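Let's take a walk through this fold, stopping at a few spots worth a look on your screen.

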Amino acid sequence: MSILTETLTWIMKRRMPRIEAMYRRPIELQEECFQELIESAKYTEWGKKFGYSEILTEGKFRHQVPISTYEELFPYIDRMMQGEQNVLWASPISWFSKSSGTTNARSKFIPVSPESLGDCHMRGGKDMITLLINNKPDTKIFDGKGLSIGGSLSSNPFNDQMLLGDVSAVVMKNLPIWAQMIRTPSLDVALMNDWDQKIERMAKETSQENVTSILGVPTWTLVLIDKVLEVTGKKNILEVWPNFEFMVHGAVSFSPYRSLFKDQVFPSDQVSFMEIYNASEGFFAAQDDLKEEAMALFLNHGIFYEFMPVEEYGKSNPRTIGLKEVVTGKNYALVI
């Protein structure tokens with residue numbers, strides 16, 4: 001085991017008590033998060049409009065601040081993309097993540113604040129690694145490289161001082177040096193715009209690396225693996241990456257792909273699978289026990305959660321509840 005592996009493993013293991021605090025103090029952590037967010041945003045245009053300085057309780061917040069759709073927030077975001085600051089958040093915004101799924105546009109643009117980047121996306125990534133190590137203490141994941149299948153970046157058409165792109169690309173561009181050292185492919189390849197050229201370059205580059213993990217959407221992962229096998233002439237990807245240990249997946253249900261990956265793509269007991277819930281809006285959850293399909297909600301990552309009973313969904317003034325009122329086994333829509 002290399003010094004880098006020993007050091008990183010030791011650091012990540014020391015993060016586990018922080019994750020365990022979510023199990024012990026879930027309500028308190030969410031209350032602390034709520035107060036920090038209200039305090040941070042009370043002098044923004046949004047905070048002044050809805051009287052954040054008067055809000056001391058979650059009940060007051062629910063009464064005073066309406067649930068807003070992306071379409072209702074878009075006029076504010078549009079102004080932020082043109083350079084206005086202190087609109088929805090106090091810290092300077094220079095990054096926007098591009099996502100899909102809106103009703104009025106092909107794409108939606110989510111402001112990524114320094115806090116969202118560091119306290120949510122980056123912290124979630126570190127906790128993901130910590131959970132991998134906690135599930136497999138003897139892992140040698142850091143002896144090799146983590147393969148990240150991400151998107152691309154482009155300039156903001158309204159303001160050339162800002163960049164926008166898939167959240168994976170935004171995160172990759174801002175990773176610390178130590179994280180860049182243990183990932184593959186190189187940043188210039190990972191952020192390429194042309195998908196066909198990108199897959200070709202990724203396959204050639206990563207096939208020469210000791211890849212020990214993959215982070216990506218199952219569909220994209222299959223495309224890349226097929227290309228790696230084509231480039232190398234191998235029949236099985238474990239012939240290319242014999243030390244492979246973990247596949248981390250998200251964005252779509254893994255159920256239709258589970259047997260394919262377990263029985264054909266990675267036919268070995270040495271390979272484990274972890275599901276994460278990472279979106280443009282935040283890194284919400286990760287599978288903390290790889291023997292169970294459930295994911296643990298990240299409660300101290302700068303996001304305050306409300307839960308909307310499914311029967312309230314679609315109403316003009318839907319009712320939401322806080323974490324302490326949630327009943328297990330009941331379905332809710334997540335409001336952030």
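Where is the place of Asn-86? In this predicted model, Asn-86 sits in the loop between helix H6 (70–81) and strand S1 (95–99). Its phi is near 60°, a positive value in a residue other than glycine. With a relative accessible area of 34%, Asn-86 is partly exposed.

**Backbone oddities**

Ala-251 also has a positive phi without being glycine, with a value near 80°. You'll find Ala-251 in the loop between strand S8 (246–249) and helix H14 (258–265). Ala-251 counts as exposed, because its relative accessibility is 68% and the cut-off for exposed is over 50%.

There's a cis peptide bond to look at too: Thr-184 and Pro-185 are joined by it, with omega about 5°. Pro-185 belongs to the loop between strand S6 (183–184) and helix H10 (187–190).

**How the helices pack**

Next, pull up helix H12 (218–232), which packs with helix H11 (195–206). The two axes come within 9 Å and cross at roughly 60°, so H11 and H12 are oblique to each other. The crossing is right-handed. On the H11 side, the contact is made by Trp-195, Ile-199, Glu-200, Met-202, Ala-203, Lys-204 and Thr-206. H12 brings Trp-220, Val-223, Leu-224, Lys-227, Val-228 and Val-231. By type, the residues in this contact split into nine nonpolar, one polar and three charged.

H12 also packs with H14, and here the angle is about 25°, with the axes 11 Å apart. That makes H12 roughly parallel to H14. H12 passes H14 in a left-handed crossing. Pro-218, Thr-221, Leu-222 and Ile-225 of H12 meet Leu-260, Phe-261 and Val-265 of H14. This contact has six nonpolar residues, one polar and no charged.

As a bit of background, an α-helix has 3.6 residues a turn, so residues three or four places apart point the same way.

Here are the two helix pairs side by side:

| Helix pair | Crossing angle | Axis distance |
|---|---|---|
| H11 and H12 | roughly 60° | within 9 Å |
| H12 and H14 | about 25° | 11 Å |

**The nonpolar cores**

Which residues have the most contacts inside the largest nonpolar core? They are Met-128, Leu-131, Phe-142, Met-274 and Ile-276, in a core of 31 residues. Several elements each supply at least two residues of this core: helix H1 (3–13), helix H2 (16–24), helix H7 (114–135), and strands S8, S9 (272–279) and S10 (282–286). H7 gives the most, with six residues.

Phe-142 is a good one to click on. Leaving aside neighbours within four places in sequence, Phe-142 is in contact with Thr-5, Leu-8, Thr-9, Met-12, Ile-129, Ile-133 and Ile-182. Apart from this core lies another one, of 27 residues, including Ile-199, Ala-203, Val-240 and Met-247. Ile-199 and Ala-203 turn up again in the H11 contact with H12.

H2, one of the suppliers of the largest core, has Met-16, Ile-19, Ala-21 and Met-22 buried. The buried residues of H2 pack against H1, helix H3 (26–41), H7 and strand S11 (296–297).

**Two buried spots**

Is Met-122 buried or exposed? Met-122 counts as buried, with 14% relative accessibility, because the cut-off for buried is under 20%. It lies in helix H7. Beyond neighbours within four places in sequence, Met-122 is in contact with Leu-117, Val-171, Asn-174 and Leu-175. Now look across to Phe-283: it is 161 residues from Met-122 along the chain, yet their C-alpha atoms are separated by 8.5 Å.

Last stop, Gly-322. This glycine is in the loop between strand S12 (306–309) and strand S13 (332–335). Loop or not, Gly-322 is buried, with a relative accessible area of 2%. What is Gly-322 in contact with, leaving aside its neighbours within four places in sequence? Glu-58, Arg-62 and Phe-307 are the residues in contact with Gly-322. The C-alpha atoms of Gly-322 and Glu-311 are separated by 16 Å, and these two residues are 11 apart along the chain.

Definitions and conventions. Residues are numbered from 1 along each chain as its sequence is written. This is a predicted model: local features need pLDDT of at least 70, side-chain atom pairs count only at pLDDT 80 or more; totals for chains, interfaces and linings use all residues. Side-chain values use heavy atoms; hydrogens and water are left out. Axes are lines fitted to C-alpha atoms, for helices over the stretch in contact, and angles run from 0 to 180 degrees between N-to-C directions. Helices (H or I, at least four residues) and strands (E, at least two) are DSSP runs, numbered from the N terminus. Angles under 35 degrees count as roughly parallel, over 145 as roughly antiparallel, 65 to 115 as roughly perpendicular and the rest as oblique. A crossing is left-handed if the near helix is turned anticlockwise from the far one by less than a right angle, and right-handed if clockwise. Contact means heavy atoms within 4.5 Å. Ala, Val, Leu, Ile, Met, Phe, Trp, Tyr, Cys and Pro count as nonpolar, Asp, Glu, Lys and Arg as charged, and the others, Gly among them, as polar. A nonpolar core is a set of buried Ala, Val, Leu, Ile, Met, Phe, Trp, Tyr and Cys residues joined through side-chain atoms within 4.5 Å. Buried means under 20% relative accessible area, exposed over 50%, partly exposed in between (1.4 Å probe, protein chains only).
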